[in-house]
Amino acid sequence: MNSSHEDGSPALRGGAAFLLAQLGAHAAQLFAERIAALDLTPAQAGLLRLLAQTPGRSQRELADDLGMPPSRFVSFADDLEERGLIERRRNSNDRRLYALHLSERGLEMLARLREAGAAHEQHLCQALSPDEHQQLTGLLRRLAEQQGLTPGVHPGYRSLRTERPARNR
């Protein structure tokens with residue numbers, strides 16, 4: 001079987017792995033552009049989501065879950081705290097640790113982020129019927145689980161840059 005067909009066959013268009021990578025890169029770029037209007041990076045958005053799901057965790061626990069070095073996580077969280085989106089509170093069980101929580105302003109930002117995420121999902125999946133969308137989501141979850149990916153945590157945290165997006169002028 002010849003893998004270099006000139007007729008646009010799957011050998012030239014790419015298999016499932018290539019298409020996942022192509023769509024993933026495209027989706028990540030579109031999402032970053034969409035939330036730049038909120039003055040957030042995708043990594044910051046991910047931390048806000050994680051804190052909404054599991055508030056009160058230590059910086060160390062969060063850094064470990066995100067696959068980030070703790071020293072990088074501190075400066076990452078500092079920016080969100082300075083913007084009033086998260087709060088560091090002393091851990092009631094261990095006063096040496098800080099527990100991170102969303103602030104009131106952080107909760108408001110999370111609501112805006114959820115709207116942006118829903119619009120992003122709708123835009124990317126508009127070619128699918130509701131049943132196809134559900135089926136695709138289930139299949140992708142199975143693949144992510146089989147690959148040992150942490151649910152809800154983007155692997156991009158490992159190479160995280162801490163700077164914020166340029167503000168729209």
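The face of helix α5 turned away from its buried side carries Ser71 and Glu82, both exposed (over 50% relative accessible area with a 1.4 Å probe and protein chains only; buried is under 20%, partly exposed in between). The model is predicted, so local features need pLDDT of at least 70 and side-chain atom pairs 80 or more, while totals for chains, interfaces and linings use all residues. Residues are numbered from 1 along each chain as its sequence is written, and side-chain values use heavy atoms, leaving out hydrogens and water.

On the other side of the story, Phe73, Phe76, Ala77, Asp79 and Leu80 of α5 are buried. Viewed down the axis of α5, these residues fall within an arc of 150° (taken from the directions from the helix axis to the C-beta atoms), so they line one face of the helix. They pack against α3 (42-53), α4 (59-66), β2 (86-90) and β3 (98-102), contact meaning heavy atoms within 4.5 Å. Helices (H or I, at least four residues) and strands (E, at least two) are DSSP runs, numbered from the N terminus.

The length of α5 works out nicely: at 1.5 Å a residue, its 13 residues (70-82) should span 18 Å (1.5 Å times one less than the number of residues), in agreement with end C-alpha atoms 18 Å apart. Gly84, with a positive phi near 80°, follows α5.

The structure holds 1 aromatic pair (ring centres within 6.5 Å; planes under 30 degrees apart are stacked, over 60 edge-to-face, the rest tilted). The rings of Phe73 and Phe76 have centres 6.0 Å apart and planes at 65°, so the pair is edge-to-face. Being 3 residues apart in α5, Phe73 and Phe76 are separated by about one helical turn.
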